[in-house]
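Here are some friendly notes from a read through the model, set out as numbered points. Please have the structure open beside you as you go.

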Amino acid sequence: MEVTKENVHKLLVGINRYNPENLTVLHSYVEQQASERTYDVEANLAVLKLYQFNPSLFQLNIVSIILMKALTNLPSNDFSLCRCLMVESHEEDEQISRIYYLGELLETCNFVTFWEELAQNKDLSSKVNGFEESIRDFICYVLNITYQTIDAPLVAKLLGGLNENELTKIIDAKGWQRVDNNKIFLTNHDLSSDSKNMSFKFEIENLASIMNSS
């Protein structure tokens, strides 16, 4: 049976949000988010908070989904918020450690390494429908606020080794333009307010090093 956002949020009002009996519904809701490509950070944080108070009720699969879903919402700070609510003993789990590493690679713009690591961790990305597409949207966002023009092969590499047809679809969807055959014009930063009002601090030197080594 489908769990509605409205019903879930009724469970999170007042002191009732700390009722461990809510976890049955919340677990179903987390799995529903993963399959239906929806997202509710408030509900997911409530699950992690309940695990803090009730560590015996911890479910690794649910936490993995919550963390992976948080990555799909970058550049928000949801992933950091989730980590703050994690019980220290649970962080030692090998699966959680792998997700943390993927998150660190994304947050530091080590995108090529991220895709290499993700290829070794398909068991994680398969938990969340549309995970790779969401990550590519985030990387495109980073590229948009970092570059005006960039080499097309590098864009394909940063987006996970896209072929020509896949890259063309991204270019069209983002409103980018091909120039000089091998380059892509992303945006005019002089006209883009987004490039001047970034709420997410990127380690741009990682992208620069990729440019220099490519």
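The points below cover salt bridges, the nonpolar core, a cavity and some backbone details of this predicted model.

1. Let me begin with charge pairing. Side chains of opposite charge can pair when their charged atoms come close. In this model the count comes to eight salt bridges. One of them joins R83 and E104, with 3.4 Å between the closest N and O atoms. R83 sits in helix 5 (residues 78-84) and E104 in helix 7 (residues 94-107), so this pair ties together parts that are 21 residues apart in sequence. Both ends are partly exposed: R83 has a relative accessible area of 26%, and E104 one of 37%.

2. E132 is worth a moment, as it appears in two of the pairs listed here. With K122, the closest N and O atoms are 2.6 Å apart. That pair links distant parts of the chain, since K122 belongs to helix 9 (residues 122-125) and E132 to helix 10 (residues 131-146), 10 residues apart. K122 is partly exposed at 43% relative accessible area, and E132 is partly exposed at 22%.

3. The other partner of E132 is R136, at 3.9 Å from N to O. What separates these two along the chain? R136 and E132 are four residues apart in helix 10, so about one helical turn lies between them. R136 is buried, with a relative accessible area of 15%, because the cut-off for buried is under 20%. E132, at 22%, counts as partly exposed.

4. There is also a linked set to look at: E94, R98 and D123 form a network of salt bridges.

5. Now for the interior. The largest nonpolar core holds 64 residues, and those touching the most other members are L71, F114, I139, L143, I150, W176 and I184. Which helix gives the largest share of this core? Helix 4 (residues 60-72) does, with eight residues.

6. I184 makes a good place to centre the view. Leaving aside residues up to four places away in sequence, I184 touches Q148, T149, I150, A152, V155, L167, I171, W176, Q177, R178 and V179. Two of these, I150 and W176, are also on the list of core residues that touch the most other members.

7. On empty space: rolling a probe the size of a water molecule over the atoms shows where empty space is left. Here the count comes to one cavity of 30 Å³ or more, and the largest cavity has about 30 Å³ of space. Its lining is made up of L48, Y51, F58, L85, M86, V87 and H90. By type, the lining residues of the largest cavity divide into six nonpolar, one polar and no charged.

8. A backbone point to check by eye is the peptide bond between L74 and P75, which is cis, with omega at about 15°. P75 is in the loop between helix 4 and helix 5.

9. Finally, please look at two residues with positive phi that are not glycine. R37 has a phi of about 60° and lies in the loop between helix 2 (23-36) and helix 3 (41-53). C109 has a phi of about 65° and is found in the loop between helix 7 and helix 8 (111-119). Are these residues buried or partly exposed? R37 is partly exposed, at 46% relative accessibility, whereas C109 is buried, with a relative accessible area of 0%.

Terms used:
Residues are numbered from 1 along each chain as its sequence is written. This is a predicted model: local features need pLDDT of at least 70, side-chain atom pairs count only at pLDDT 80 or more; totals for chains, interfaces and linings use all residues. Side-chain values use heavy atoms; hydrogens and water are left out. A salt bridge is a side-chain nitrogen of Lys or Arg within 4 Å of a carboxyl oxygen of Asp or Glu. Buried means under 20% relative accessible area, exposed over 50%, partly exposed in between (1.4 Å probe, protein chains only). A nonpolar core is a set of buried Ala, Val, Leu, Ile, Met, Phe, Trp, Tyr and Cys residues joined through side-chain atoms within 4.5 Å. Contact means heavy atoms within 4.5 Å. On a 1 Å grid over the protein atoms alone, a cavity is a set of points where a 1.4 Å probe fits but cannot get out, and a pocket is an open set with protein on both sides within 12 Å along at least five of seven lines; lining residues have an atom within 4 Å of a point. Grid points are joined across faces, edges and corners, and a volume is the space filled by probe spheres set on the points. Ala, Val, Leu, Ile, Met, Phe, Trp, Tyr, Cys and Pro count as nonpolar, Asp, Glu, Lys and Arg as charged, and the others, Gly among them, as polar.
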